[in-house]
Amino acid sequence: MKIHNFNAGPSVLPKEVVIKSAKSVIDFNESGLSLLEISHRSIDFLEIIEKTISLVKRIMNLNDDYAILFLQGGATLQFAMVPYNLMNKQAAYLDTGFWSKNAIKEAKKFGKVKILFSGKNNNYTYISKNYKIPYNVDYFHCTSNNTIVGTQMKIFPKTSIPIICDMSSDIFSRKLNFCQFSLIYASAQKNVSSAGMTIVIVKKDILGKIKRNIPSYMDYKIHIQNNSILNTPNVFSIYTSMLTLEWIEKKGGLSFLEKKNQYKAKLLYNEIDKSNLFENIIHRDDRSNMNVSFFLKEKNLEKEFNKMWKKENIVGLDGHRFLGGYRASIYNALPLESIQFLIEIMKEFDRKFSS
Ligand code: PMP
């Protein structure tokens, strides 16, 4: 049975990745042992970590100035770990939605936060491009893709201040000059792997500049010294990431995925814009190519629409609990056919219920 999986995260992964990672749980590399039963310090697992690091660097075109870490605690831990390691006195943040608000809340525990732009007054439907980064902040933090409302930063500021970016919901979805960032973090459970692992990509020369004492697990430098195995890492999630990254490379890398993702998003936004019943309220330049949010203009039709898509094996289309409406998360592994199928359902609904 074909299921069209629009979940926001954990979410759809490439079928072949799921099959291979499932096989490894039964018998890892024909060793007679499950991946879940091998030591995280075994040669086999060290090879997995090394290979995953090389894949991240190759796909993102990063040199050895950057360290790649696989940590736990989700992007949520990074909200605190970033200021813990990098904030001396003050940092600048963009408030572009729920997740950046959470990042700001944690940062305020370590120093002064300058909010350069807040989308709060327009319900986070647009992202300003006209903010100025002060010269005296320790870093600038932004969220590249706002998973809940469905906005995405298309341009990043040019600045000598270190740029820190939460890429949880659009990492590996498009080609960017990744060297413009000093630190990137992303939870794995959207475009990469299972939940329980966070990829941190950090330019080593930004570390070691603050005075506070940092607990070992919160200290990037200690993780770098220990090659992500300070303690027992999420072996399964790291292995599954390696498989997804191999899949990305085989497909043609980020250039290929970017084109495919743009095409998928365009089809869906076109349908929403054309339809009589649905609407998207995001500023056009800021529409996300990963999370497409939409609403029914007449709320009383929601019951009928829900009945229709649920009957057709579409899952995960409900909007975030804070926002309502609908959200189609259309990550790398979501096939084009799922978009086309959803569009057919929306067209049929339009025909049936437009007056
Ligand atoms: N940042 C963004 C942009 C997210 O979408 C999410 C989760 N959906 C988080 C942070 C939090 O991630 P986690 O639950 O892994 O801590």
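**View 1. S293 and its bridge partner across two strands.** In this predicted model, S293 has R327 as its bridge partner in β14. Zoom out a little and you get the strands themselves: β12, residues 291-296, runs antiparallel to β14, and the two pair over four bridges.

**View 2. The open sheet around that pair.** Three strands make up this open sheet, in the order β11-β12-β14, with antiparallel pairing. At the edges sit β11 (278-279) and β14 (326-329), each of which pairs on one side only.

**View 3. Two helices that pack on the sheet.** Start with helix α7, residues 253-274: this helix packs on the sheet and touches β11, β12 and β14. Its direction makes about 15° with that of β12. Now look for helix α8, residues 302-311, which also packs on the sheet, with β11, β12 and β14 as the strands it touches. Here the reference strand is β14, and the angle between the direction of α8 and that of β14 is about 30°.

**View 4. The shell around the ligand.** Count the residues around the ligand and you get 14, of which T76, T147, D166, S187 and K190 come nearest. Sorted by character, the shell holds nine polar residues, three nonpolar ones and two charged ones. If you want to know which element gives the most to this shell, it's helix α3 (residues 74-86), with four residues.

**View 5. Polar side-chain atoms next to the ligand.** Three of the nearest residues get a close-up here: T147, S187 and K190. T147 places a polar side-chain atom 2.5 Å from a ligand oxygen atom. For S187, a polar side-chain atom and an oxygen atom of the ligand are 2.7 Å apart. With K190 the ligand atom is a nitrogen, and an N or O atom in the K190 side chain lies 2.8 Å from it. As for cover, the ligand on its own has 400 Å² of accessible area, and the protein covers 86% of that.

**View 6. A cis peptide bond at P10.** Most peptide bonds are trans. The bond that joins G9 and P10 is cis, with omega at about -5°. You'll find P10 in the loop between β1 (4-5) and α1 (15-26).

**View 7. Y124 and its positive phi.** Most residues other than glycine have a negative phi. Y124 isn't a glycine, yet its phi is positive, near 60°. To find Y124, go to the loop between β4 (112-118) and β5 (140-143).

Key
Residues numbered from 1 in each chain as written. Predicted model: local features only at pLDDT ≥ 70, side-chain atom pairs only at ≥ 80, totals over all residues. Heavy atoms only, no water. Near = heavy atom within 4 Å. Polar contact = N/O pair within 3.5 Å; in protein donor to acceptor, adjacent residues only side chain to side chain. Areas by Shrake-Rupley, 256 points an atom, 1.4 Å probe, with all protein chains shown as cover. Nonpolar A, V, L, I, M, F, W, Y, C, P; charged D, E, K, R; others polar. Pairing = 2+ DSSP bridges. Contact = heavy atoms within 4.5 Å. Axes fitted to C-alpha atoms, helices over the stretch in contact; angles between N-to-C directions.
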